[in-house]
Amino acid sequence: MPEGDSIHRAATRMRPVLLGKKIEEGLTTKAIIPVSRLIDREVTEIDTHGKYLFIRFGTFGSIRIHLGMDGRYFYRRLAPPFPPTQPVHLLALRAGKAWMCCRAPKILDWDAPLVREQEVRGLSGQDLLKEHDSNVIAQEMQRLGDLPIASALLRQNIAAGIGNVYKSEILFLERVHPETATGDLSLEKLKAMVDRAAWLLQRNVVSYTRDRRTTRFGMGPKLSVYGRGDEPCLKCGARIVRMVDREMARSTYFCPSCQKRRASV
Ligand SMILES: [Zn+2]
């Protein structure tokens, strides 16, 4: 599941393939992306913000990608596997010998001129993988009042980068019940959660390998609770519970013993 750290790693992987190079061939299912006009243009920057990745072509514009739940990047030496009809969106760019391919992103768009990209940034909150002010993030979260903390942590317009896996892990590590009203949490507690999220994202950026996300650095499972429904809690042995948010179709894993409901935290 792509979260802030995986997008950051994707950009690191993409730079040697595209950055500073001229596009020689391009294919996409999205008519809005002017692939034919990208030929011979140089990729001037590959940047990320929260879960967005931008491939920039100077002042000409930029491709904006959000992988969502199912999207992924991959690379090919030969022609990209690009059947004539596909139920999902695709983008493939070749600079030199390698193709950069993106399959099934949630958002694949073209921002021209750069003003549009700035609008997107305005909608997106502080990026936890960049310089950010966790006090401000904590204050903004606290104003969400009755919204459960499990939902508040995913609000990308406040803190960009936290996804479903980190959400469950942070709540467990900070011993907070996922349904606690965000407004009932102290600023110190909220700040501690934000700082922990930023630290975990940073730690995971260092590792280049895909799917190596980890929030535990000792022996045993890589994750404390996420994906461990019905398994014993690593702290207390109680059974991990999986709770599904029907509206969002997202799971939250937590330990009912370590993360008890409290009136105020
Ligand atoms: Zn426990």
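**Exercise 1.** In this predicted model, find the bridge partner of Leu27 in strand 6, then place strand 6 in its sheet.

*Solution.*
Step 1. The residue bridged to Leu27 in strand 6 is Ala92.
Step 2. Strand 6 covers residues 90–95 and pairs with strand 1 in the antiparallel sense, over four bridges.
Step 3. The open sheet that holds them has four strands in the order 1-6-7-5, with antiparallel pairing.
Step 4. Strand 1 (25–28) and strand 5 (72–76) are the edge strands, each pairing on one side only.
Step 5. On average, neighbouring strands of this sheet are turned by 15 degrees against each other, direction ignored.

**Exercise 2.** Work out the strand order of the open sheet that contains strand 8, and name its edge strands.

*Solution.*
Step 1. The order is 2-3-4-8; this sheet of four strands is paired antiparallel.
Step 2. Its edges are strand 2 (45–49) and strand 8 (107–111), each of which pairs on one side only.
Step 3. From one strand to the next, the twist averages 20 degrees.
Step 4. Strand 3 (residues 52–57) and strand 4 (residues 61–66) run antiparallel and are joined by six bridges.
Step 5. Opposite Tyr52 stands His66 of strand 4.

**Exercise 3.** Determine which strands helix 1 touches in the sheet of Exercise 2, and which strands helix 1 lies across in the sheet of Exercise 1.

*Solution.*
Step 1. In the sheet 2-3-4-8, helix 1 touches strand 2 and strand 3, and the direction of helix 1 makes about 175 degrees with that of strand 2.
Step 2. Helix 1 (residues 4–18) also lies across strand 5, strand 6 and strand 7 (98–103), at about 145 degrees to strand 7.

Technical notes:
Residues numbered from 1 in each chain as written. Predicted model: local features only at pLDDT ≥ 70, side-chain atom pairs only at ≥ 80, totals over all residues. Pairing = 2+ DSSP bridges. Helix = DSSP H or I, 4+ residues; strand = E, 2+ residues; numbered from the N terminus. Axes fitted to C-alpha atoms, helices over the stretch in contact; angles between N-to-C directions. Contact = placed C-beta atoms within 7 Å.
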